Amino acid sequence: MKRWIAAALMAALFSAQAAKAPNVTLVVDEVPVAQVLQALAEQHNKNLIVSPDVSGAISLRLQNVPWQQALRVVVKSAGLVLRQEGNILHVHSVSWQNENAARQAAEQARRQANLPLEQRSLALRYADAGELAKLGEKLLSARGSMTVDSRTNRLLLRDHKAALATLEQWVRQMDLPVAQVELAAHIVTINEKSLRELGVKWTLAESQSAGAKGQVSGINGDLSVIGAATRVGFNIGRINGRLLDLELSALEQKQQLDIIASPRLLASHLQPASIKQGSDIPYQVSSGESGATSVEFKEAVLGMEVTPTVLANGRIRLKLHISQNVPGQVLQQADGEIMTIDKQEIETQVEVNSGETLALGGIFSRKSRSDKESVPLLGHIPWLGQLFRHDGKENERRELVVFITPRLVPNE
């Protein structure tokens, strides 16, 4: 029976080769896998090496199948591994492959164990040696070691020559300067007319989409005093900031704005920088049933926190958190008076070019002034004194605006 099957197999292969057909038709039953592989290799004029551990028989029916697909089906069905080197096909079992890989790994470990160890000292200019050591430990061999000298920001390495060469190349690629951004800010109170003169065009910031140009990713308004005369909402805009310092100084001399602060910050890529200006408000806190009180403090400050992200083509993404906390009303309680804090906060993420000025506004205050002018003596005459007296009132609404200009600091 097996002779008939083998003859039928060879006849099928021979007929396919004689006709030079690109496909193969095989119908076999319990034929040794090695014989099927040899027949397929002969049809395609391939050299074949079958490992001694390849055993077992196979039954299959393939009708008009491409030769390469037929070869893969036979190898996969028998649980074997196929490897080709040029015109030579190597077929072996999975266990043989695993044993061979283990032998090669053991041989490589034996060779590395006999390699002499060398020492290197790598001085870092920009990266932190401690942080870099945590990432580079996986590049050491089994016998290698890495020591951090935090005093001089150095890495002390001990390993064989090949591993040291890999580590040195990796350290050169990682020891790069972190991009830095200079943040120049102006915090001012300004009237609407002066804003128009500066060319500020507001966009109402009510979007929740992060990273959109000219939009705010989050708004948080907290008015602790009911009916406080402050509008909740922040605006965002852009202006040309090349002559901003001169324009603000000129408007301040005309008493059209007040410059509250002009901080300058230097922040690294993805590192936050913050500044606060204001005061701490004391208040009493009761503790326990004894009624003992202690004094704690709450901040009433104008604060700004900026986290820059340096992008390509000279663009900078700014994650901003700006808060305006001011003393509010004084409330009467049984144990004394307490002062409330009026809060307004904004969180936004925008992208600007280096040197472009971003303007944030939306906090308004109203300044009232009363003037009385009268002619001496005549102005105090009842009824008739109104002709010689002038009472004037002036209301001016000003807006708190923060101008932020980020500039990339060139690397050395």
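**A salt bridge, a three-stranded sheet and a pocket**

E107 and R110 are joined by a salt bridge in which the closest N and O atoms lie 2.3 Å apart. The model in which this pair is seen is a predicted one. Both residues belong to helix α4, and because they are three residues apart there, about one helical turn separates them. With the cut-off for such a pair set within 4 Å between a side-chain nitrogen of Lys or Arg and a carboxyl oxygen of Asp or Glu, the count comes to seven salt bridges.

Helix α4, which spans residues 94-113, also leads the newcomer to the sheet, as this helix lies across β4 and β5 and runs at about 95° to β5. The sheet itself is open and is formed by three strands in the order β2-β5-β4, with mixed pairing. The edges are taken by β2 (47-50) and β4 (80-85); each has a single partner strand, so one side of each is left without a neighbour in the sheet. From one strand to the next, the twist averages 20°.

The mixed character of the sheet can be followed pair by pair. Four bridges link β2 to strand β5 (residues 88-93), and these two strands pair in the parallel sense. Within this part of the sheet, V50 has V91 in β5 as its bridge partner. A second helix, α2 (residues 33-43), packs on the sheet and touches β2, β4 and β5. The direction of α2 makes about 165° with that of β2.

On the other side of the pairing scheme, β4 and β5 are antiparallel and share six bridges. Here L80 stands opposite S93 in β5. The hairpin made by β4 and β5 has two residues between the strands, and G86 in this hairpin takes a positive phi near 65°. As a help in viewing strands such as these, it may be kept in mind that side chains in a regular strand alternate between the two faces of the sheet.

Attention now turns to a pocket. The second largest pocket holds about 240 Å³ of space. Its lining consists of Y126, A127, D128, E131, L132, L135, M174, L176 and V178. Helix α5 (residues 129-136) gives the most to this lining, contributing three residues. By residue class, the lining of the second largest pocket comprises seven nonpolar and two charged residues, with no polar ones.

Methods. Residues are numbered from 1 along each chain as its sequence is written. This is a predicted model: local features need pLDDT of at least 70, side-chain atom pairs count only at pLDDT 80 or more; totals for chains, interfaces and linings use all residues. Side-chain values use heavy atoms; hydrogens and water are left out. Two strands pair if DSSP finds at least two bridges between them. Axes are lines fitted to C-alpha atoms, for helices over the stretch in contact, and angles run from 0 to 180 degrees between N-to-C directions. Contact means heavy atoms within 4.5 Å. On a 1 Å grid over the protein atoms alone, a cavity is a set of points where a 1.4 Å probe fits but cannot get out, and a pocket is an open set with protein on both sides within 12 Å along at least five of seven lines; lining residues have an atom within 4 Å of a point. Grid points are joined across faces, edges and corners, and a volume is the space filled by probe spheres set on the points. Ala, Val, Leu, Ile, Met, Phe, Trp, Tyr, Cys and Pro count as nonpolar, Asp, Glu, Lys and Arg as charged, and the others, Gly among them, as polar.
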